[in-house]
Amino acid sequence: MSDDARWMGAALALAERTRGQTAPNPNVGCVIVRDGRVVGRGWTQPGGRPHAEAMALQQAGSAAHGATAYVTLEPCAHASARGPACADLLIASGVARVVAAMRDPDPRTNGAGLARLADAGIKTACGVRADDAALSMAGFLTRRSRGRPFVTLKLALSLDGGVAMADGRSQWITGPEARAHAHLERSRHELILIGALTLATDAPRLDVRLPGLEGRSPTRVVLGRRTDAPPGWIAIRSPGDIPDLPGDHLMVEGGAATAAAFLAEDLVDRLILYRAPILIGDARTLGDIGLTDLPAAHGRWRMIQSRQLGVDTLEVYQRA
């Protein structure tokens with residue numbers, strides 16, 4: 001791995017700290033490196049400001065002069081009432097080089113940030129670990145390219161493919177390690193959705209119950225009638241209503257009919273499967289997802305992660 005790729009990896013790790021908290025801004029990470037040493041670190045703060053570059057430059061101070069800034073998205077070039085353009089901050093700091101993972105699709109910046117830096121005599125590079133950056137900022141990019149949140153479907157499955165017992169009960173298919181991981185995933189989403197039947201059957205809290213992350217519980221959404229929504233919840237009538245939801249990351253947790261509805265509408269961008277070493281037998285499964293023949297099922301998903309969580313197996317798939 002090149003030095004640029006390695007340092008960009010550090011910036012990508014920082015960007016994950018506020019995933020699901022920065023909308024409508026992207027979750028960006030930045031490290032400033034001088035003589036092989038990190039002198040500044042930053043990541044987009046909750047609510048979208050300060051930007052990652054501003055935070056890193058403040059930490060670096062005068063050490064930024066002559067350094068290289070690694071940022072997971074092209075520095076912004078447009079003026080804002082909430083703060084100065086990051087391209088201008090980098091120029092004023094005296095950095096010698098800026099490496100961006102990808103260009104900003106925002107038309108106010110797209111290419112203009114890097115061009116402004118280059119015009120100021122700063123060396124620039126773009127495209128380092130671009131695929132990883134796109135995964136990190138999938139919510140921001142999906143909202144802009146498709147006009148809706150990035151949708152993660154989480155399923156807890158038995159070995160025989162059951163998502164619940166025949167009467168709808170699903171607590172608990174997986175063990176404590178898998179459930180803790182699911183809570184971590186919740187903390188990375190602004191929104192979490194279940195169907196009205198799951199709400200009535202299981203009455204899940206859908207909050208984050210990990211020490212230190214309790215304040216990052218997502219807004220709860222129910223797929224059903226407005227009368228199905230408890231106080232503080234949002235109700236939508238169909239999966240097609242998700243563009244109206246506030247936030248760039250939506251986690252769909254169940255149940256079987258709700259999961260099938262999102263798959264049938266081709267609205268799932270990422271799958272998280274927790275496979276438990278149990279057999280249910282007469283169980284609820286996903287049901288009809290709109291598949292008409294087996295060849296159409298192939299080539300739609302690629303695995304990006306697999307690991308053990310206690311006795312359970314985690315598999316993560318991305319839309320191919």
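Before I show anything, one definition: when two helices pass each other, we call the crossing right-handed if the near helix is turned clockwise from the far one by less than a right angle, and left-handed if the turn is anticlockwise. Please keep in mind throughout that what we are looking at is a predicted model.

With that definition in hand, let us take helix α3, residues 86-93, and helix α4, residues 112-119, whose axes come within 9 Å and cross at roughly 20°. Angles under 35 degrees count as roughly parallel, and therefore α3 is described as roughly parallel to α4. The crossing in which α3 passes α4 is a right-handed one. On the α3 side the contact is made by Ala87, Asp88, Leu90 and Ile91, while α4 contributes Gly113, Arg116 and Leu117. If we sort these contact residues of α3 and α4 by character, we find 4 nonpolar, 1 polar and 2 charged.

Now to the sheet, which is open, has 8 strands with mixed pairing, and follows the order β10-β9-β8-β11-β6-β12-β15-β14. Why is one side of β10 and of β14 left without a neighbour in the sheet? Both strands stand at the edges, where each has a single partner strand, so there is nothing in the sheet on the other side. On average, neighbouring strands of this sheet are turned by 25° against each other, direction ignored.

Let us walk in from the β10 end of that order. Strand β10, residues 234-236, pairs with β9 in the parallel sense over 3 bridges, and here Val222 stands opposite Ala235 of β10. Strand β9, residues 219-223, also pairs with strand β8, residues 191-195, again in the parallel sense, this time over 5 bridges. In that pairing, Leu193 stands opposite Val221 of β9. As for the connection, β8, helix α8 (residues 196-202) and β9 together make a right-handed β-α-β unit.

It may help, when you look at the strands on screen, to remember that in a regular strand the side chains alternate between the two faces of the sheet.

Finally, helix α7, residues 176-186, lies across β6, β8, β11, β12, β14 and β15, and runs at about 160° to β12.

Conventions. Residues numbered from 1 in each chain as written. Predicted model: local features only at pLDDT ≥ 70, side-chain atom pairs only at ≥ 80, totals over all residues. Heavy atoms only, no water. Pairing = 2+ DSSP bridges. Helix = DSSP H or I, 4+ residues; strand = E, 2+ residues; numbered from the N terminus. Right-handed = clockwise from strand over helix to strand, strands pointing away. Axes fitted to C-alpha atoms, helices over the stretch in contact; angles between N-to-C directions. Parallel < 35°, antiparallel > 145°, perpendicular 65-115°, else oblique. Contact = heavy atoms within 4.5 Å. Nonpolar A, V, L, I, M, F, W, Y, C, P; charged D, E, K, R; others polar.
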